[in-house]
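Colleague: Got a minute to walk me through this one? I'd like the overview, then some details.

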Amino acid sequence: MQNKQKALWDNCLEIIKDNVTEQQFKTWFAPIVFESYSDDTHTLLVQVPSPYVYEYLEQNYVGLLRKVLTRCFATNVRLTYRIVTDKAHGLSQDVEGDQPGDVEAPMATTRGNKAPTALDAAIPQDLNPQLDPKKTFQNFIEGDSNKLPRTVGLSIAEHPGKSTFNPFFIYGPSGCGKTHLINAIGVRSKELYPKKRVLYVSARLFQVQYTDAVRQNTVNDFINFYQTLDVLIVDDIQEWATSPKTLDTFFHIFDHLFRLGKQIILASDRPPVDLAGVKDRLLTRFSCGLIAELEKPNIQLCIDILESKCRRDGLKIPADVIMFIAQTANGSVRDLEGVINSLMAHSIVYNSNIDMRLAERVIKRAVKVDNHPLTIDDIMEQLCQHYGVTQQNVLSKSRKREFVQVRQLAMYLAQKYTKMPSSRIGMLIGNRDHSTVIHSCSAIEQRLKVDKSFRDELQSIENSFKLKK
């Protein structure tokens, strides 16, 4: 019987071959291996060589596959993929593809521009958490830069709203893995507590929903919906800094959930103290749980992330190429994944091995490489040389005018040219706090507005940085 079903699958491939280019067929369809077909459940099981191939097929050819399968098998076939996740150890995972008639859950409106209404809140089981199922703790690799946030995040996922880590505020530069971590918390919470109302939403989408609710005069419905949640996860909240009405509305939602012991998780590219435009009543609430910094991964963690992704995707990359990518991708997890995906695509399409030459070519297109990033040490060295002072005096507690000026300039330039938060800059420049950094930057900005000679002098110093690079 299976021979007959295998022949039907071969017929499918012949039809597909007539409807795509030769290169497309060789790249995406020829590697598919027929595994089995069940007449009882009308389920077709096929093997694909990697998660990348599965995702590409589902995103680009699922319509073609559906039509061809229906034509050859004369029924609605339930297509299931057996994805090879680790070739070396023979590990695989079965994933059911999108089935005919699949529809989005009713809460899918939170992906678009329509604000949720009271009707959404009345049907808890219909809530779509809007989580990315691929971003889990299993593939969030632990290292020195993320150990604390990851450990705390896992604890929260297992006991949402029950720990002292509420709210949980995560901050760090772009590409360090914030979105992955907050998604992982949501995914794990939903696995352990499927009846809990968990929702991930970006700050921008929340604002769009709020604006629509104002326009449609349904703000109360909007607030009521969010107040029914058990776990609320909001990403990129720094985008609300110039939206006081959105912040005021979120305050009421936050306060309600917090008083009921519901879990709140927030992510930002800066700590609460650096969120200009946010009122103190919200800042104090953001800070009353746990604030955790997610730093960019160091080279060793980059290597671990790359090796893990290679194992999952069944990709073989030489150790020297892994090291080259880790050293070149500027500590961005997003860049690392982009480079690996590009290498995988090149390898599949051109049927070539991944070597250093290919990696160099791909990384130039995928990553903005900064071979000589400016550091606080570079800034301090140039300023001290320009003004004829020593670093020891600048970093001291001295209030002499010449030392204070260099100290303030160092903080201003560090904030302009590095991606460090104010708290970190202050610590490295004489162990000052973030408020001193903010005051120093403000003082320099005010002087630049009224003192042309000072503007010219600072421009000359900044030009010297560029010449050195």
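Modeller: Sure. One term up front: accessible areas come from the Shrake-Rupley method with a 1.4 Å probe. Also, this is a predicted model.

Colleague: Fine. So how much area does the protein chain expose?

Modeller: About 23900 Å². Carbon and sulfur atoms supply 49% of that.

Colleague: And what share of the residues is buried?

Modeller: Buried residues make up 48% of the 469 in the protein chain.

Colleague: How many helices and strands?

Modeller: The protein chain has 21 helices and 9 strands.

Colleague: What about contacts between residues at least 6 apart in sequence? What percentage join residues at least 24 apart?

Modeller: That's 71%.

Colleague: Let's go to the N-terminal part. Which residues of helix 2 are buried?

Modeller: Helix 2 covers residues 22-29, and its buried residues are Phe-25, Thr-27, Trp-28 and Phe-29.

Colleague: What do they pack against?

Modeller: Four helices. They are helix 1 (2-19), helix 3 (51-60), helix 4 (62-73) and helix 14 (333-350).

Colleague: Now strands. How do strand 1 and strand 2 pair, parallel or antiparallel?

Modeller: Antiparallel, over 5 bridges. Strand 1 is residues 33-38 and strand 2 is residues 43-48. Phe-34 stands opposite Val-46 of strand 2.

Colleague: What sits between the two strands?

Modeller: The pair forms a hairpin, with 4 residues between the strands. His-42 is in the turn and has a positive phi of about 55°.

Colleague: Switching to helix packing. At what angle do helix 9 and helix 10 pack?

Modeller: About 35°, with the axes 9 Å apart. Helix 9 is residues 219-226, and helix 10 is residues 244-259. Their crossing is right-handed.

Colleague: Which residues make the contact?

Modeller: Helix 9 gives Phe-222, Ile-223 and Tyr-226. Helix 10 gives Thr-249, Ile-253 and Leu-257. By class, the contact has 5 nonpolar residues, 1 polar and no charged.

Colleague: The spacing makes me curious. Why do residues three or four places apart point the same way in an α-helix?

Modeller: Because an α-helix has 3.6 residues a turn.

Colleague: Last one, Met-356. Where is Met-356 found?

Modeller: In helix 15, which runs over residues 356-366.

Colleague: Why is Met-356 classed as partly exposed?

Modeller: Because its relative accessible area is 25%. Buried needs under 20%, and exposed needs over 50%.

Colleague: What does Met-356 touch, beyond four places in sequence?

Modeller: Asp-320, Val-321 and Phe-324 are in contact with Met-356. Pro-318 lies 38 residues from Met-356 in sequence, and their C-alpha atoms are 8.4 Å apart.

Conventions:
Residues are numbered from 1 along each chain as its sequence is written. This is a predicted model: local features need pLDDT of at least 70, side-chain atom pairs count only at pLDDT 80 or more; totals for chains, interfaces and linings use all residues. Side-chain values use heavy atoms; hydrogens and water are left out. Buried means under 20% relative accessible area, exposed over 50%, partly exposed in between (1.4 Å probe, protein chains only). Contact means heavy atoms within 4.5 Å. Axes are lines fitted to C-alpha atoms, for helices over the stretch in contact, and angles run from 0 to 180 degrees between N-to-C directions. A crossing is left-handed if the near helix is turned anticlockwise from the far one by less than a right angle, and right-handed if clockwise. Ala, Val, Leu, Ile, Met, Phe, Trp, Tyr, Cys and Pro count as nonpolar, Asp, Glu, Lys and Arg as charged, and the others, Gly among them, as polar. Two strands pair if DSSP finds at least two bridges between them.
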